[in-house]
Amino acid sequence: GCTGLKTVNTGNGVKYIGGGAFEYCDSLTEVTVGTSVRNMGIIIHWYDGRLPAIPFNWSPFAYTVTRLVWNARSCESFPFGMMVGDGNPNLEQIILGEEVETIPDHFANNMRSISEITIPNSVTSIGISAFYNCMGLTSVTIGNSVTEIPQDCFYYCIGLTSVTIGNSVTSIGGGAFYGCSGLTSVTIGNSVDSIGKYAFHSCYGLTNVTCLAKTPPFAKESDVYQNYNATLYVPAESLNAYKTTYPWSLFNIQPIPAEGGAGDVNGDGKINIDDVTALINHLLKQTPVEGNADVDDNGRANIDDVTTLINMLLHKEH
């Protein structure tokens, strides 16, 4: 009830912030949480005589907060969704400090006003449902130390249009991007070896998937994706592996456009329309072709490579 309080900085010595600590601070717009905070909020149990106790959470923050600067290295206990109910409708910005190592479970659950999140390289783990239902989220940058995109992490973030999953990530949890209907393109890093159930299900707008892993990641169920009309781009040397591995085989599979690699027919270090012309000229004149002319990596250069090269260019321009 400190109605005149506008900003709070807990400092780096504080380890615990109690439930409702800043409730009814009607002028509070910015909170900075220090590096040492390990526990936040109070869990209140409700029981109606028929069901097991259900935890309800009392937020430490006021609903008026629009900007949260989060520096806590590793927070063990965190209020479900950070704010009471469906999330703070006013919270527009979360800044993650360079010392943050873990993002708690349900960290920004239902924070629908947040539009952008940058996860720094210091972060090694992200909690379950950390950005669940952040419908306004349009941009996510994932640092180079994260090893897992956990279950339901970006569930129903319908504002996302593209996602790049870095090479440090080895697994993508079930439902991680479920219902991200605005998502049109996804790039999966080269270390991913498993993808969980429904990870990209109900991503109706998905048209391009690029998977940098040379070995097709394990995906037991076909319902990892729903839109298999999308084009899947994979390393050229792995085309046959993806074409013979379910459910990857359901996609339209093409080699990844690579500067100076397959498709660079004229050897100028770039892939563009000049390479299409060069390849057609080679085929018409039946003269020897460069190794890069075998765009689809099937051991020979023919008209199929022209089609593949054109598709590569169209994808690149898109």
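## The overall picture

Of the 318 residues in this protein, 47% are buried. Keep in mind as you look around that this is a predicted model. The chain carries three helices and 20 strands.

As for the outside, the accessible surface adds up to about 14,600 Å². Carbon and sulfur atoms own 51% of that area. What about contacts that link distant parts of the chain? If you take the contacts in the protein with a separation of 6 or more, 44% of them are between residues 24 or more positions apart.

## A five-stranded sheet

Let's start with an open sheet built from five strands, in the order β14-β16-β18-β19-β20. The pairing here is parallel. Which strands stand at the edges? They are β14 (162-165) and β20 (252-255), and each has a single partner strand, so one side of each is left without a neighbour in the sheet. Going from one strand to the next, the twist averages 15°.

For a look inside this sheet, try β16, which covers residues 185-188, and β18, which covers residues 208-211. These two strands pair in the parallel sense, with four bridges between them. One pair to pick out on screen is Ser185 with its bridge partner Asn208, which sits in β18.

## A four-stranded sheet

There is also an open sheet of four strands, running β1-β3-β7-β8, and its pairing is parallel. At its edges you'll find β1 (7-9) and β8 (93-96), each of which pairs on one side only. Neighbouring strands in this sheet are turned against each other by 5° on average, direction ignored.

Strand β7, residues 67-70, runs parallel to β8 and is joined to it by four bridges. To find the register between the two, go to Leu68: the residue opposite it in β8 is Ile94.

## Ile119, inside a strand

Now for some single residues. Ile119 belongs to strand β10, residues 116-119. Is Ile119 buried or exposed? With a relative accessible area of 1%, Ile119 is under the 20% cut-off, so it counts as buried.

Who surrounds it? Apart from its neighbours within four places in sequence, Ile119 is in contact with Leu96, Ile103, Ile126, Phe131, Thr141, Ile142, Gly143 and Val146. Leu96 on that list falls within the 93-96 stretch of β8, an edge strand of the four-stranded sheet. Another residue to check against Ile119 is Ser145: the two are 26 residues apart along the chain, and their C-alpha atoms are separated by 9.6 Å.

## Two buried loop residues

Buried residues turn up in loops too. Ser129 sits in the loop between β11 (125-126) and β12 (139-142), and it is buried, with a relative accessible area of 6%. Which residues does Ser129 touch? Not counting residues up to four places away in sequence, they are His106, Phe107, Asn109, Gln151, Asp152 and Cys153.

His201 is another loop residue, placed between β17 (194-195) and β18. Its relative accessibility is 15%, so it counts as buried, given that the cut-off is under 20%. Again leaving out residues up to four places away in sequence, His201 touches Phe177, Tyr178, Gly179, Asp223, Val224, Tyr225 and Gln226. The loop that holds His201 leads to β18, the strand that pairs with β16 in the five-stranded sheet.

Conventions. Residues are numbered from 1 along each chain as its sequence is written. This is a predicted model: local features need pLDDT of at least 70, side-chain atom pairs count only at pLDDT 80 or more; totals for chains, interfaces and linings use all residues. Side-chain values use heavy atoms; hydrogens and water are left out. Two strands pair if DSSP finds at least two bridges between them. Axes are lines fitted to C-alpha atoms, for helices over the stretch in contact, and angles run from 0 to 180 degrees between N-to-C directions. Buried means under 20% relative accessible area, exposed over 50%, partly exposed in between (1.4 Å probe, protein chains only). Contact means heavy atoms within 4.5 Å. Accessible areas come from the Shrake-Rupley method with a 1.4 Å probe; for residues, only the protein chains shown count as cover.
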